[in-house]
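Dear colleague,

I am handing over the structure below, together with some notes on what was found in it. Please read them with the coordinates open beside you.

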Amino acid sequence: MLEQKDVIGRVREATRRIEPELIRIRHELHQYPELGVDLPKTHEIISRELKKIPGLRVYEHKAGGSGIIALMRGEKKEGKTILLRADIDALPIEEKEECEYKSRNTGCMHACGHDGHAAWLIGAAKILSEIRAEWGGCIKFVFQPGEEVGKGADTLIEEDRVLENPPVDMAFAAHGWPSVQSGKIGIARRYAFGCVGSFRVKITGRDGHASWPEQTIDPIAAAGEVYQHIPAILARKISGTESKVMSVTYIRAGDPKVRNIIPAVCEFGGTMRAVKKETLEIMGRELENETKAVCDVYKASCEVDVQIHGGAVENAPQLLDGVRSAAEQIVGQDQAYIIEGDNLGGENFAQYCERVPSVYMFIGIRPEELDDIPGLHSPQYRFDDQVLAKAAGVFAAIGYYGCQGSLEGIYR
Ligand SMILES: [Zn+2]
Ligand SMILES: [Zn+2]
């Protein structure tokens, strides 16, 4: 049996050795981006690669047909069960940059880097397979479709029972992050992602000639008043210490070809985020109250539809130090760090971390020489291949320490 530092030495050596292979896998996935939960080619490539790995049992056709769960048991007797998850779907975006592995599916692109996530998780499975004699317990590698459309996690958990048999003790995931420099790893102190909600407000007045507004009920004026009140909802109804945001992303009324009629209907909607579901509920309720109050004054009628789609990704405090230390052993001292602020993007990894202690990492993909690179979901998005193998090593180290129960540190 090797000492821990020798095992990590083997992990580091393996990360260097498998790097070209992981880059090849990502480039192949990048050429065949697919949407939602129906990802036949993605499924084929990932399954093909996983089946080459000794000691890995591959369960295909999960999560509605495109998800893959692969199970590896360590050769030591005892150990915990660790879940490592990668999302694998792409986006309906036309790739703008030229490269030899450019998307072959018109109007579809891996613009969120999930091709990289799949490749680094395959890499982690390769490394953990090589050091199987050194750990006990079970590692579940989960390749989840549908992240971009808020699906996949629910099916894997509720129908495919991915958190059971054997029951999962901890779960880990990561995203390639353009604002973090390549080689570094950021870990949120608490919320890696926020709760996601959306709203739609439809105000119906009475249409009529624009020269005599007093004979109409102007839904645009009413909508304008509601819109202006949104900052007050955030600032006066919710504690100033809480992270939250509300953005109107569309507004529709009238006809640009007809300038002399006040229309009957104005509709707008958008997104709202917070770290607590209760806060989203307050935001939705206050928006509804405000809309009704304004419409009362205008004598308009209204419909307010508020949806809460998902919870927050909250990192487990007892795992933070352990994960940071495991990551640093691969990427180097001080290269993994704690991010104090909350991030209000959305991620349905929330469905795992609501059920088991979890940590989500932001893996840097911005090359050191560049100050700024295109963001996630940009048609110019670029993934830095140099981080693939290191990320695979980080996941392998987390799996190795996690199975031994040595990630739980003291919360600082
Ligand atoms: Zn995305
Ligand atoms: Zn993503």
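Helices and strands are named here as DSSP runs numbered from the N terminus, a helix being a run of H or I of at least four residues and a strand a run of E of at least two. Please keep in mind throughout that this is a predicted model.

With that naming, Ala63 is placed in the loop between β1 and β2, and its backbone deserves a look, since Ala63 has a positive phi of about 45° although it is not a glycine. Ala63 counts as buried because it has 26 C-beta neighbours inside 10 Å, the cut-off for that class being 20 or more.

Two further backbone features belong to the loop between α4 and β5, where both Arg161 and Pro166 are found. Arg161, which is likewise not a glycine, has a positive phi of about 55°; with 12 C-beta neighbours inside 10 Å, however, Arg161 counts as exposed. Pro166 is joined to Asn165 by a cis peptide bond, for which omega is about -10°.

Turning to the helices, which residues of α2 are buried? They are Thr42, His43, Ile45, Ile46, Glu49 and Leu50, and, seen down the axis of α2, these buried residues fall within an arc of 165°, so they line one face of the helix. The face of α2 turned away from that buried side carries the exposed residues Pro40 and Arg48. The cover over the buried residues of α2 includes α1 (4-31), β1 (56-62), β2 (67-73), α3 and β4 (136-144).

Thr42, which lies in helix α2, can serve as an example of this buried face: it is buried, with 25 other C-beta atoms within 10 Å. If residues up to four places away in sequence are not counted, Thr42 touches Leu29, Tyr32, Glu34, Ser66 and Ile88. The C-alpha atom of Thr42 is separated by 9.4 Å from that of Ala118, although these two residues are 76 residues apart along the chain.

How do α2 and α3 pack, and at what angle? Helix α2 (residues 40-50) and helix α3 (residues 114-130) pack at an angle of about 15°, and their axes are 10 Å apart. That angle makes α2 roughly parallel to α3, and α2 passes α3 in a right-handed crossing. On the α2 side the contact involves Ile46, Glu49 and Leu50, which meet Ala118, Ile122 and Ala125 in α3. By type, the residues of this contact between α2 and α3 divide into five nonpolar, no polar and one charged.

Helix α3 also packs against helix α9 (residues 388-403), here at an angle of about 50° and with the axes 7 Å apart, which makes α3 oblique to α9. The crossing of α3 past α9 is right-handed. The residues of α3 in this contact are Gly116, Ala119, Trp120, Leu121, Gly123, Ala124, Ile127 and Leu128, and those of α9 are Leu388, Ala389, Ala391, Ala392, Gly393, Phe395, Ala396, Gly399 and Tyr400. The residues of the contact of α3 with α9 divide into 13 nonpolar, four polar and no charged.

With kind regards

Key. Residues numbered from 1 in each chain as written. Chains lettered and ligands numbered in written order. Predicted model: local features only at pLDDT ≥ 70, side-chain atom pairs only at ≥ 80, totals over all residues. Axes fitted to C-alpha atoms, helices over the stretch in contact; angles between N-to-C directions. Parallel < 35°, antiparallel > 145°, perpendicular 65-115°, else oblique. Left-handed = near helix turned anticlockwise from the far one by under 90°. Contact = placed C-beta atoms within 7 Å. Nonpolar A, V, L, I, M, F, W, Y, C, P; charged D, E, K, R; others polar. Arc of directions from axis to C-beta.
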